[in-house]
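Here are some notes to read alongside the structure. They go point by point, so keep the model open as you read.

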Amino acid sequence: MQQGRRVAATSAAIALGTVVSAVLTASTPVPAQQQEPPNPVAATTASAAPPEQPIVVVTDGQRRLRVVPLARGLSHPWGMTLLPGGRSLLVTERPGRLRIVRDGVLDPTPIAGVPAVNPTFIGGLNDVAIHPSFAENQFVYLTYSKDGPRGVTLALARAKFDGKALTDVRDIFVAEAWEVPGAQSGGGGTFGGRMLFGPDGLLYVTVGDRDVKVLTDDPSVRSRAQSLRSHTGKVLRLRDDGSVPPDNPFVGRADALPEIFTYGHRNPYGLAFHPQIGALWECEFGPMGGDELNVLVAGRNYGWPLVSLGKNYSGLPVSEDPWWRPGIEMPAYAWNPSANPTNILFYTGSSFAGWRNSLFVSGLGSKQIQRLTLNRQGAIVGRPEVLLAQLGLRFRDIRQSADGSLYVLTEGRPSGNDDVDGSVLRIEPAPAASEKP
Ligand SMILES: [Ca+2]
């Protein structure tokens with residue numbers, strides 16, 4: 001996995017180099033009296049450190065953004081959720097800590113009560129979500145890599161959060177996605193772990209393909225994404241107590257696990273509901289190439305590994321049918337070069353003029369946020385607008401606050417449980433160039 005990721009990161013970096021130079025050279029010169037103070041972006045381009053002070057950056061669509069660091073010194077921040085009122089947010093650190101930022105200040109003490117996680121390689125604590133009725137029931141949900149007699153799998157815990165600590169912590173769902181981490185993969189395969197409550201009040205959870213043979217051409221593990229008897233490579237649909245909604249697509253079938261909503265996914269890390277059409281969108285990593293956006297329909301097969309535009313890390317194509325086979329859904333959008341999409345978000349605010357209903361994508365190896373435009377039919381049109389590529393940071397998550405700001409999580413390096421190069425950044429519209437930032 002390490003090796004494969006390095007290869008993927010290199011090709012993404014080459015593609016990104018073009019984007020970055022375009023961003024840096026495309027600006028129209030402005031009269032001297034309108035020029036800003038020296039742009040602090042230049043100082044952060046080469047390092048992987050998040051900014052220490054608010055800075056202004058320009059997108060490749062010439063939009064000026066203000067980037068405000070809210071928390072630094074985090075270790076691989078993975079998921080976040082804003083608490084009601086919008087003044088506090090919870091953020092996970094992959095090695096196994098849950099942190100809280102109140103009024104823009106990170107509490108130095110992690111929140112007590114997080115379950116024990118297996119932080120091997122890219123395992124650990126994943127996402128955090130709150131119940132739609134959090135103000136009444138204080139329910140917080142965590143996904144994490146759980147140790148057990150059959151190796152490691154993805155688990156979903158629910159707890160009560162009183163503003164200080166987690167209590168009544170218990171697993172409400174443990175995925176049938178066990179694998180024993182192998183030396184071949186340098187780790188334990190991918191876990192997924194993204195969570196999203198839908199407008200139906202149900203909890204959607206992603207599970208990765210757990211491919212401990214990812215560096216080989218051997219498809220025996222990844223093929224479990226096609227098996228309805230496994231939670232590997234699936235998007236699941238659960239009630240708020242972890243039980244099965246009776247209208248799930250495979251309920252009542254003896255040959256299928258009833259939590260499954262869709263199947264045939266590789267490394268699904270992002271979920272978002274379209275604000276008007278209501279459809280659930282999902283993003284996933286391919287191997288080398290093959291990153292996809294999918295529009296999920298209950299019970300459908302999204303192909304992995306029978307259909308993929310990607311190549312195995314050996315260089316051989318994953319499939320002779322890169323686009324389609326009968327019975328398999330095509331992606332709504334495929335990235336070339338890779339975006340490494342970690343989460344997606346339909347923007348519903350009004351802070352950024354013209355951006356409502358755009359789809360934002362946080363990118364890991366691509367080290368950028370992309371804004372995709374949809375037409376009235378819900379199809380993606382035109383080229384992505386690239387945001388924040390100047391920072392040189394890997395983006396793990398993107399969320400929107402009630403006031404219309406965007407929040408992103410960043411990390412410098414891919415793995416390492418002692419790293420402290422992660423941050424929470426808030427993105428706001430920047431004042432015009434003639435004003436002070
Ligand atoms: Ca697919």
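1. Let's start with Y204. Setting aside residues up to four places away in sequence, Y204 is in contact with L196, G198, V235, L236, R237, F261, L271 and L280. Two of these contacts, L271 and L280, come back in point 4, on a hairpin.

2. Where does Y204 fit in the wider picture? The largest nonpolar core has 87 residues, and Y204 is among those with the most contacts inside it, along with F360 and V408. Strand β9 (residues 151-161) gives this core its largest share, six residues. As background, nonpolar side chains tend to be buried together in soluble globular proteins.

3. A word on confidence before going further, since this is a predicted model. The average pLDDT for the protein is 88, and 87% of the residues score at least 70. Residues 1-47 are the stretch to treat with care: the pLDDT there is below 50, although the stretch has 65 contacts in the model beyond near neighbours in sequence.

4. Now for the hairpin. Strand β15 (residues 267-273) and strand β16 (residues 280-285) run antiparallel and are joined by six bridges. In this pairing, N267 of β15 sits opposite F285 in β16. Six residues lie between the two strands, and one residue to look for in the turn is G278, with a positive phi of about 90°. Is β15 mostly covered or mostly open? Mostly covered: six of its seven residues are buried.

5. Next, look at the open sheet with the strand order β3-β4-β5-β6, where four strands pair in the antiparallel sense. Its edges are β3 (77-82) and β6 (105-106), each of which pairs on one side only. Between β3 and β4 (residues 88-93) there are four bridges, again antiparallel. To find the register, start from T81, whose bridge partner in β4 is L90. In general, strands of a sheet pair through backbone hydrogen bonds, either parallel or antiparallel.

6. V101 is a good residue to stop at in that sheet, on strand β5 (residues 97-102). Why does V101 count as buried? Because it has 22 C-beta neighbours inside 10 Å, and 20 or more is the cut-off for buried. Not counting residues up to four places away in sequence, V101 touches L70, A71, S88, L89, V91, L106 and V424.

7. One of those contacts deserves its own paragraph: A71, which belongs to strand β2 (residues 64-74). The C-alpha atoms of A71 and V101 are separated by 7.3 Å, with the two residues 30 apart along the chain. A71 is buried too, because 23 other C-beta atoms lie within 10 Å. Its contacts, leaving aside neighbours within four places in sequence, are V101, L106, S423 and V424. You can also trace from A71 to D107: they are 36 residues apart in sequence and 9.3 Å apart in space, C-alpha to C-alpha.

8. Last, there is an open sheet of four strands in the order β7-β8-β9-β10, with antiparallel pairing. Here β7 (125-130) and β10 (166-174) are the edge strands, each pairing on one side only. From one strand to the next, the twist averages 30°. Strands β7 and β8 (residues 139-148) pair over four bridges in the antiparallel sense, and A129 stands opposite Y141 in β8. Strand β9 of this sheet is also the one that gives the largest share of the core in point 2.

How values were computed: Residues numbered from 1 in each chain as written. Predicted model: local features only at pLDDT ≥ 70, side-chain atom pairs only at ≥ 80, totals over all residues. Pairing = 2+ DSSP bridges. Axes fitted to C-alpha atoms, helices over the stretch in contact; angles between N-to-C directions. Core = buried A, V, L, I, M, F, W, Y, C linked by C-beta atoms within 7 Å. Buried ≥ 20, exposed ≤ 12 C-beta atoms within 10 Å, placed from the backbone. Contact = placed C-beta atoms within 7 Å. pLDDT = per-residue confidence, 0-100.
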